[in-house]
Amino acid sequence: MPSMPLPNPLTPPDSPLSNSMVVNCVAYRFDGQRIGDISLDDISEVMKEPDTFVWVGLHEPDGTLLDKLQEEFDLHDLAIEDAQHAHQRTKIETYGDSLFVVVQTAQLVSGHLAFGETHVFLGARYLVTVRHGASLSYAPARRNCEHSPKLLALGPSYGLYGVLDFIVDNLLPIVKDFREELHELEKDIFSDTFKRSTIRRLYDMQHDLMTLRLAVAPMQDIISQLVRLHPQLIPDELRAYFRDVYDHVFRVNESISAMREMLAAAINVNLSLVTFGQNEVMKKLAGWAAMLAAPTLLTSWYGMNFTHMPELNQPWAYPVLIVLVIGLVVSIYAGLKRARWF
């Protein structure tokens, strides 16, 4: 193939296609070698060369930019519409000789779990990734692919593998952080004092993990399709790599399910301990009330000011009554002590 001159850099700042939306636009040869960064206007020139493909990375593009890419790669109208409007479900669609993949992404932002989306257009000679919301840059995935030119020579599908593997691998630290936080919360769960913040955090974690599971579980079906189907875009040499991503997704999904069960158990244990603590307090209060009831009953009798009452005029009556009250209180206390109310 004749040597092709390096095209111009990315679109200049005064272009309506802002560089803030175009993260990367790189041309490659089908021997896995990088040609260089190109502008969007140069894509058509690169595509004229038979042994080249283009990898474009976008972040929250506008309609004008997506229309430009649709023109360059002949993307389907429905796929462009989905890519422009986020909040799509995780899915894989086939449009002629191309694939459109939507996956959910997650990222810890200031201790809180934030979600985003990545839309991927895969063709025989192009790969376009569109990020929305919380998502890390795919520059590390691109570099990893470029470090394996023999695999990158298999085409843009190896770039798709790199992106999906990068997304899944970034989910593992999130699950690990949740597990470590749960271990820290166990101290509060089994503490003697009730903390409303503990229950609140456990509920928030369960909500986040449920949302994360809804994002991760459908990825298994998507990657399973990439392992088995679409031979026109996925070479047989790459199916083992997609199976590896499937194993990672399966492990993440299993970890999330286990964490959700642990959180549900933690919430139930915490509520049970709170209820048990309240019962213990009520038992002690009832015990003290029972001990006070005996002297209250006796003294209320002798406080009725009747003229004729048993032993009222006897000099030993008052000491006997005091001893009787003390004996009753001690007996009640001893009985409650044996019953472990104190």
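Select S255 to start; this serine lies in helix α9, residues 236-301. The model is a predicted one. S255 has a relative accessible area of 18%, and burial here means under 20%, so S255 counts as buried. Show its contacts. Beyond residues up to four places away in sequence, S255 touches V175 and R179.

**Stop two: α8 against α9**

Keep α9 on screen and add α8, residues 196-228. How far apart are the axes of α8 and α9, and at what angle do the two helices pack? The axes are 8 Å apart, and the angle is about 160°. α8 and α9 are therefore roughly antiparallel to each other. Their crossing is left-handed. Colour the contact by residue class: 26 nonpolar, seven polar and five charged residues make up the contact of α8 with α9.

**Stop three: α7 against α8**

Now add α7, which covers residues 171-189. V175, already met as a contact of S255, belongs to this helix's face toward α8. α7 and α8 pack at about 160°, with axes 11 Å apart. An angle over 145 degrees counts as roughly antiparallel, so α7 runs roughly antiparallel to α8. The crossing of α7 past α8 is left-handed.

Select the two sides of the contact:

- From α7, take L171, I174, V175, F178, E181, L182, L185, D188 and I189.
- From α8, take T198, R201, L202, M205, D208, L209, L212 and V216.

Which classes do these residues fall into? Twelve are nonpolar, one is polar and four are charged in the contact of α7 with α8.

An α-helix has 3.6 residues a turn, so residues three or four places apart point the same way. Look along the α7 list with that in mind: L171, I174, V175, F178, E181, L182, L185, D188 and I189 are its contact residues.

**Stop four: the cores**

Stay on L202 of α8, one of the contact residues facing α7. Which residues touch the most other members of the largest nonpolar core? They are L160, L164, L202, L212, L226 and F242, out of 55 residues in that core. Display the surroundings of L202. Setting aside neighbours within four places in sequence, L202 is in contact with L182, L185, I189, L263, A266 and I267. L182, L185 and I189 are also on the α7 side of the contact with α8.

Another core lies apart from this one. That core has 28 residues, including A27, F73, L75 and V128. In soluble globular proteins, nonpolar side chains tend to be buried together.

**Stop five: V128**

Go to V128 next. It sits in strand β7, residues 126-133. V128 is buried, with a relative accessible area of 1%. Its contacts, leaving aside neighbours within four places in sequence, are V56, L58, L69, F73, H119, V120 and F121. Measure across to N24 if you like: the C-alpha atoms of V128 and N24 are 9.8 Å apart, with their positions 104 residues apart in sequence.

**Stop six: α2 and the turns beside it**

L69 and F73, both contacts of V128, are among the buried residues of α2. Select α2, residues 63-73. How many of its eleven residues are buried? Eight are, and the helix is mostly covered. The buried set is G63, L65, L66, K68, L69, Q70, E72 and F73. They pack against β1 (22-29), α1 (43-48), β3 (52-59), α3 (77-84) and β7.

Step just past α2 to D74. D74 is in the loop between α2 and α3. Its phi is near 60°, a positive value in a residue other than glycine. Is D74 buried or exposed? Relative accessibility is 69%, so D74 counts as exposed.

Then select E60, in the loop between β3 and α2. Phi of E60 is near 45°, again positive in a residue that is not glycine. E60 is partly exposed, at 39% relative accessible area. Most residues other than glycine have a negative phi.

**Last stop: V325**

Finish at V325 in helix α10, residues 317-338. V325 has 14% relative accessibility and so counts as buried. Not counting residues up to four places away in sequence, V325 touches P295 and L298. Add A294 as well: V325 and A294 are 31 residues apart in sequence, and 6.9 Å apart in space from C-alpha to C-alpha.

Key: Residues are numbered from 1 along each chain as its sequence is written. This is a predicted model: local features need pLDDT of at least 70, side-chain atom pairs count only at pLDDT 80 or more; totals for chains, interfaces and linings use all residues. Side-chain values use heavy atoms; hydrogens and water are left out. Axes are lines fitted to C-alpha atoms, for helices over the stretch in contact, and angles run from 0 to 180 degrees between N-to-C directions. Helices (H or I, at least four residues) and strands (E, at least two) are DSSP runs, numbered from the N terminus. Angles under 35 degrees count as roughly parallel, over 145 as roughly antiparallel, 65 to 115 as roughly perpendicular and the rest as oblique. A crossing is left-handed if the near helix is turned anticlockwise from the far one by less than a right angle, and right-handed if clockwise. Contact means heavy atoms within 4.5 Å. Ala, Val, Leu, Ile, Met, Phe, Trp, Tyr, Cys and Pro count as nonpolar, Asp, Glu, Lys and Arg as charged, and the others, Gly among them, as polar. A nonpolar core is a set of buried Ala, Val, Leu, Ile, Met, Phe, Trp, Tyr and Cys residues joined through side-chain atoms within 4.5 Å. Buried means under 20% relative accessible area, exposed over 50%, partly exposed in between (1.4 Å probe, protein chains only).
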